[in-house]
Amino acid sequence: MSMSYLQSLPSPSVSMKLQISFFFSLFTAFLYQTGIVGSVVVPATSCYALDNSSHIHDFSSWFGHPIEYDGVDTDYAIRFCKDVETRSQPGYVAFGRFDDFNYFVAGSGRYDFVQEFYNGDLQHCEISLDKRGRTAQVNIICGDCPNGRCKGGLECVCNVTLESDCRIIVELAIPCEKPGLRVFEGFTVGLHPRSWEIVYNGMTQIGYEKAYKDYRFDTDQSDVSLYMTAIASLSHLVKKPSIKVSPETGLEVTLSGSGATGTPPTTLSPTLLNIDWRCEKTSENPYEVEITIPVEGYDPIQFTLTKMCESRQNKGGDSTKGWALFGIFSCVFFVISILFCCGGFVYKTRVQKQHGIDALPGMTILSACLETVSGVGGGSGSGSGYLRVDDPNDVFTSQASWTREPTEVASGSSRTSERKYGT
């Protein structure tokens, strides 16, 4: 065996890594197929944060948990995700309340997370930070304090720094739980191009994580349109969605639109996901339509729509197709008629030297019809159409007379009742 062939073989460690990666991929695919891998649902409270790897950390169980720190002249009290205050002989002073809007974020360095508290007491701090009063910043460490202050792994305040009379910095150590699912940040799904009531920032909102009768779509609503947006630099990670209906029979669901083909969505050009559903079987309980949108490298986006079927719905495709064909044929007939009329008018004007109404196509036929209906201009077999009463007692006196007495006219002149229309 040559040395070059041996060098080309992968090392045992590399081969083992490839096998592990292969089996892990198969296991992940199996989980997706069986539905074990869940979606990221927004926590029940605003006390959560995403770390630097986009994994979610839910601190809802910590909401309002009191943590105290004994200072030299002043004591400090932190109620987790609620407020920060100082306690001394003059009384309590609030150093801010927790803001729900994006003020629980990932930290840097030795700090895992950072919380901001605003809108504290205003006294002597009226001009600080846009008149938002006293503020506080809580730097959270997952684990123990650097100085080993925490004993037994419990939560405690490592240190408090008074930056000014209007702002304090608190170091807080808590036992953090394991990270949750990985969130595809910036992804939204809404019922309008600029809304996100179904999915916001990669997390399914309350009301769409499972079936609810209060968030149902009525029987008459045969379709619904969803708009999806994502950060442009990551939009290529969004894949083709899939659906799962429960119960499996009774509701026919089809997906269409740019979102159904896996077209990358962006914030400037949202993709459209049309959901067409038709009730084939009535049911007192709503149907659950679970939509899963895979995202490469992240946990999937998954939400549920609720559809009521109080009555059966006929296929709307046949009637829609019939009206479409009728509209097409009507347009074609209208265009051909206009071209025929214009061409005939030009031909009679230029070639046959006719003018006015006589140059319109079909006027000869129309004139003949009018002449026949009016009974004027008949030959030997046509009369004026007047009734002649031969016998007042005759039962057929209302019948038209088909003969006509000759009329004497002056010598040298003749007159007929014939009248011509057109040419």
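Buried means under 20% relative accessible area. The legends below use the term in this sense for a predicted model.

**Figure 1. Residues R167 and E116 form a salt bridge between two strands.** The side chains of R167 and E116 meet at 3.5 Å, N to O. R167 belongs to strand β11, whereas E116 belongs to strand β8. The pair thereby links distant parts of the chain, 51 residues apart. Both R167 and E116 are buried.

**Figure 2. Residues R110 and E171 form a salt bridge between a loop and a strand.** The separation in this salt bridge is 2.4 Å, N to O. R110 is found in the loop between β7 (104-106) and β8 (113-118), and E171 in strand β11 (residues 167-174), so the contact ties together parts that lie 61 residues apart in sequence. R110 counts as partly exposed because its relative accessibility is 47%. E171, by contrast, has a relative accessible area of 11% and is therefore buried.

**Figure 3. Residues R87 and E85 meet in a salt bridge that belongs to a network.** The side chains of R87 and E85 come together at 2.9 Å, N to O. The network of salt bridges links E68, E85 and R87. With a relative accessibility of 27%, R87 counts as partly exposed. E85 has a relative accessibility of 16% and so counts as buried. A search of the whole structure finds 9 salt bridges, among them the one between R87 and E85.

**Figure 4. Confidence varies along the protein chain, from helix α2 to strand β12.** The mean pLDDT of the protein chain is 79, and 73% of its residues reach 70 or more. Confidence is lowest in helix α2 (residues 12-34), where the mean is 39. Strand β12 (residues 188-190) has the highest confidence, at 97.

**Figure 5. Two stretches of the chain, residues 1-36 and residues 378-389, have pLDDT below 50.** For residues 1-36, the model shows 7 contacts beyond near neighbours in sequence. For residues 378-389, the corresponding number of contacts is 13. Where pLDDT is low, the predicted coordinates should not be read in detail.

Methods: Residues are numbered from 1 along each chain as its sequence is written. This is a predicted model: local features need pLDDT of at least 70, side-chain atom pairs count only at pLDDT 80 or more; totals for chains, interfaces and linings use all residues. Side-chain values use heavy atoms; hydrogens and water are left out. A salt bridge is a side-chain nitrogen of Lys or Arg within 4 Å of a carboxyl oxygen of Asp or Glu. Buried means under 20% relative accessible area, exposed over 50%, partly exposed in between (1.4 Å probe, protein chains only). Helices (H or I, at least four residues) and strands (E, at least two) are DSSP runs, numbered from the N terminus. pLDDT is the predictor's confidence in each residue, from 0 to 100. Contact means heavy atoms within 4.5 Å.
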